[in-house]
Amino acid sequence: MTKLNTPDPRPSLAALSAPLVERLVADAPVLRLGIERVGGACVVDAGIGHPGGLEAGRRIAELCMGGLGHVTLGPVPGPPSWPFGVTVHSAQPVLACLGSQYAGWSLSHGSGKGAFFALGSGPGRALARQETLFDELAYRDTADAAAFVMEATAVPPAELVAHIATTCGIATDRLTLVLTPTQSLAGTTQVVARVLEVALHKLHALGFPLDHVVDGIGMAPLPPPGGGFLTAMGRTNDAILYGGTVHLHVTGADGEAEDLARRLPSSTSRDHGRPFAEIFAAAKGDFYAIDSMLFSPARVTVTALDSGRSFHGGTLAPDLVERSFRDVR
């Protein structure tokens, strides 16, 4: 017998993240965040005109994972000069990382000098469903409110705000946009907290079955923020590419787990071995000219739950992390 209208047993990203949004806004003075209304939507400034901070970035990272991730700050392996970092865990890594945290919705308005562009991440993506990825995940969320995180250095125009709300099927006053420039304290933290998401994204690109992924944890050193965009972008990428560690727990055959551990680390890329800012400059600022296989953690462990065997791949490159974190461009 075919069951009709069977509810999705997976949790609602919007419902889980709503309390995180409310607390973030309520604690804005303590977290040094700015709050304003643009086109009716609530816009949270976490580093443009207000300083924000590490705790703001930690909480924004959990919000960005749709309430399905836990992010902590503390000691992590790496260069002695940079002993602190970010650890992130999710018991629902596919939905938390690919369904929410991944920056998959391209948002833009205008042209020329005044144009606005940002990639939208966060639980609101599952309401907008503007990416074919949601067909693969077979996931659709419903809610009357939405939240997004953007690595932006400017406030989006009201016209774009209206477009986002309309696409999500909500009123503009039920939309929250959190803006985190990469070079800010909060921005640096929430980008490095994507270490697990980067692993899931590459795992998906490699064709590993998403329904075989059961659990995941990752960690990466926290770079010093500040400087220009290129410096910040380079450091946050290098924290993951050369300093990131991820442990995935999967079902299936040992051979599949072993193959994933071998293919997943960033060292499998032809562009591996130089700080990301140098790679980006050599590509003349064209992301698409960079080998997509580079975007993954430095070191991975994959545990096959059916057999209990674990497989390892990649290695940390603390010298490259050190070089990146001291370089200013």
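Okay, Lys202: you'll find that one in helix H9, helices here being DSSP runs of H or I with at least four residues, numbered from the N terminus. Quick caveat: this is a predicted model, where local features need pLDDT of at least 70, side-chain atom pairs count only at pLDDT 80 or more, and totals for chains, interfaces and linings use all residues. Residues are numbered from 1 along each chain as its sequence is written, and side-chain values use heavy atoms, with hydrogens and water left out.

So, is Lys202 buried or exposed? Lys202 is buried, meaning under 20% relative accessible area with a 1.4 Å probe, protein chains only. Yet Lys202 has no salt bridge, that is, no side-chain nitrogen of Lys or Arg within 4 Å of a carboxyl oxygen of Asp or Glu. Asp291 is the nearest side chain of opposite charge, 7.1 Å away. What Lys202's side chain does reach is the backbone oxygen of Met293, at 2.7 Å. Leaving out residues up to four places away in sequence, Lys202 also touches (heavy atoms within 4.5 Å) several others, including Arg263, Pro265 and Phe295.

Next, the core. The largest nonpolar core (buried Ala, Val, Leu, Ile, Met, Phe, Trp, Tyr and Cys residues joined through side-chain atoms within 4.5 Å) has 58 residues, and Leu203 is among those touching the most other members. Helix H9, residues 195-205, gives this core its largest share, 6 residues.

Last, cysteines. How many disulfides are there? There are 0, counting pairs of cysteine sulfur atoms within 2.5 Å. For Cys64, the nearest cysteine sulfur belongs to Cys97, 9.7 Å away. Cys64 counts as buried because its relative accessibility is 0%.

Notes
Buried means under 20% relative accessible area, exposed over 50%, partly exposed in between (1.4 Å probe, protein chains only). Helices (H or I, at least four residues) and strands (E, at least two) are DSSP runs, numbered from the N terminus. Lys and Arg count as positive and Asp and Glu as negative; His and the chain ends are not counted. A polar contact is a pair of N or O atoms within 3.5 Å; within protein, one must be able to donate a hydrogen and the other to accept it, and residues adjacent in sequence count only if both atoms are side-chain atoms.
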